[in-house]
Amino acid sequence: MGKGCGGALGKGKKKDEAKAQEAKPAAAEPAAQAPAASAESKPAETPAPAPAAAEAATAPQKMAYDYTLKPHPVLAPPTGPVMVCILDGFGENEFKDEYNAVHMAKTPTVDALRAVPNRFRTIKAHGTAVGLPSDADMGNSEVGHNALGSGQVVDQGARLVDIALETGTMFEGAGWKLISQAFPANTVHFIGLLSDGGVHSRADQLVGCLRGAVARGAKRVRVHILTDGRDVPDGSSIKFVEELEAEMAALREKGCDIAIASGGGRMKVTMDRYEADWAMVKAGWDAHVLGKAPHQFTDAKTAVTTLRGTDEAPVSDQYIDPFVIVDKNGAPVGTIQDNDAVVLFNFRADRMVEISKAFEYEDFSTFDRERFPENLRFVGMMQYDGDLKLPANFLVPPPEISHVSGQYFVRNGITTFACSETQKFGHVTFFWNGNRSGYLDAALEQYLEIPSDKIEFNHAPDMKAREITAASKEAILSGKYKVVRVNFANPDMVGHTGDLGATIRACETVDACVKELLEVMDSVNGRWIVTSDHGNADDMVQRDKKGRPIFSEEGKALPLTSHTLAPVPIFIGGAGLPDTVVFRDDEPEGGLANVAATTINLLGYEAPSIYKPSLIKA
Ligand SMILES: O=C(O)[C@@H](CO)OP(=O)(O)O
Ligand SMILES: [Mn+2]
Ligand SMILES: [Mn+2]
């Protein structure tokens, strides 16, 4: 995934995995990097003829899918590029009060865009519109960017795991067979995010797996918990631990030796992404596998309660220190040993890839694992990276996201520049491309990662927005790219800290950056879409059922660190966009998946019929 497909990865034990890395070069480093080699030799001023025929000639045995894009009947291609700019976590919320950072921020650019008739609307970014189980599910970056990039709505991980548990297919698959080898005489370990957030995992799905394992003969089970406080209210981890303990007590009655063995906050251990901070993964390995952590407790509830500190200045659930549960002699109750089974019970990919590599690859050198258990029966809830086939074994097949817009682009000679900072880099590459790591065609694409800071982002709410802007302006002005894709992480990443003031600042910074980008786009006669992938900054307070803010006994507003259910804004424009092009009014239910067809229209092509319809009329 992203730069992770090369770089810091130790040599894999599987040959096909090494091949995948060669074929898919890692993203270049920022600044000094060269532009995509043959982008210059293949200028994309005019849409190139689709190479479908040539492809069929070289691979006659395969029925080649015809990716040819037909010219749009009315809208000619622009002379300049088409930009899609994602303001991550920037929702259009019905609560327009002091806790809505998007509303409170001074955003002259976005305000002006909102005022343009028929070129601003909102689109759905949550629930079934992005393939989640129900409309009570908030959106997130994975499903959001999948929908934006693929133009289609597919059943996502959360839903697929629900189905596999309901129908029992989970317990019949190869992944389950593998872990069940450990049921009679070894330990089965479950590692993942303990909450009902539904973004990375769900506690009820963990319980479904635990019950399934015990019913099928698992004798010894250990659970390694990552506390949330990001997709669910901060402080709720204690409740999730209590609920899990109650469930485990019932399973003990059935004769299973089951206990929580280790844990820590999701932003402290195990769940790093895009190689932003491998030290987090090492801390997780040490706690889960080796039984080593800075803190030892004899039960998980005491661990979480103690490590959260005082009520006056609590440590967020997201940042709880790594801990290990020990017996009365001080020995860890659940280290991972030879022949054990390990299940990563998160369904979402980005934050499971690194820990998967540590478990999967025999020959791994990114950090010193000290001990690598032999003959591990290791599975993911899903396969997290289809290109790397990582992990090789999994409980539920992942969503199949095919015919993504990037595939159409490379088959039609359309050059692309994609840029974000580390925290969102895989969003505009890996997720955008339907969970494919690396380039679709390195000759036509340039992916640029700006390294993120390694701090809590409320302390630096500008994050790397200015650097992303500068690099994207350069790409726009270079004339090399027909598509420019940018993600600004700020409203989302700062929103997750629950710090209202910093999140307002994050929105203001991004607004200023959008202004710069639109000016440059106008200077090259481009066309643009500005939108978001889900809400977050647009509501920073927990609310009761009537939408009233909830306050603590001391009168402090309770922060909301999660995403929201809000729709997101979408704006279109650009000096290269004819005045006649406006949003149509017969797609009121439009969502993120309608953006790809809209982008393809702006490029001067008809959208593929398999895509959700375009939002514009010309
Ligand atoms: O940080 C993350 O992992 C999620 C929230 O759990 O946010 P996003 O979907 O925006 O990446
Ligand atoms: Mn996001
Ligand atoms: Mn987020």
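What share of the contacts in the protein chain between residues at least 6 apart in sequence join residues at least 24 apart? The share is 79%, where a contact means that two C-beta atoms, placed from the backbone, lie within 7 Å. This is a predicted model, in which local features need pLDDT of at least 70, side-chain atom pairs count only at pLDDT 80 or more, and totals for chains, interfaces and linings use all residues. Residues are numbered from 1 along each chain as its sequence is written, while chains are lettered from A and ligands numbered from 1 in the order in which they are written.

**The chain and its domains**

The protein chain holds 18 helices and 17 strands; these are DSSP runs numbered from the N terminus, with helices being H or I of at least four residues and strands E of at least two. Of its 618 residues, 57% are buried. Buried here means 20 or more other C-beta atoms within 10 Å of a residue's own, exposed means 12 or fewer, and partly exposed lies in between, with C-beta atoms placed from the backbone.

The chain is divided into domain 1 (87-155 + 400-617) and domain 2 (158-396), with bounds that come from an automatic or database domain assignment. Their C-alpha centres lie 31 Å apart. Each side gives residues to the contact: 24 from domain 1 and 24 from domain 2. On the domain 1 side, helix α14 (residues 422-431) supplies the largest share, 4 residues. That side divides into 5 nonpolar, 14 polar and 5 charged residues; Ala, Val, Leu, Ile, Met, Phe, Trp, Tyr, Cys and Pro count as nonpolar, Asp, Glu, Lys and Arg as charged, and the others, Gly among them, as polar.

UniProt, in an unreviewed entry, adds two annotated stretches, compared below. Its positions are given in the numbering used here, feature names are shortened, and annotations may be inferred rather than shown by experiment.

| UniProt feature | Residues | Helix | Strand | End C-alpha distance |
|---|---|---|---|---|
| domain: BPG-independent PGAM N-terminal | 162-385 | 32% | 18% | 20 Å |
| domain: Metalloenzyme | 81-606 | 32% | 16% | 17 Å |

**Around ligand 1**

Asn 140, Ser 141, Glu 142, Val 199, His 200, Arg 230, Asp 231, Arg 351 and Asp 492 surround ligand 1, each having its backbone-placed C-beta atom within 6 Å of the ligand. By type, this shell has 1 nonpolar, 3 polar and 5 charged residues. Both domain 1 and domain 2 contribute at least three residues to it.

**Helix α15**

Helix α15 (residues 465-478) has 14 residues and should span 20 Å at 1.5 Å a residue, which agrees with its end C-alpha atoms being 20 Å apart; the expected span is 1.5 Å times one less than the number of residues. Its buried residues are Ala 465, Ile 468, Thr 469, Ala 471, Ser 472, Ala 475 and Ile 476. They pack against several elements, including β1 (82-87), β11 (416-421) and α17 (500-523). Gly 479 follows α15 with a positive phi, near 75°.

**Two residues to look up**

Is Lys 268 buried or exposed? Lys 268 counts as buried because it has 25 C-beta neighbours inside 10 Å. It is found in the loop between β5 (257-265) and α10 (278-290). Leaving out residues up to four places away in sequence, Lys 268 touches Met 280, Ala 283, Tyr 319, Ile 320, Asp 321 and Pro 322.

Glu 247 sits in helix α9 (residues 237-253). With 18 C-beta neighbours inside 10 Å, Glu 247 counts as partly exposed. Apart from neighbours within four places in sequence, Glu 247 is in contact with Val 207 and Leu 210.
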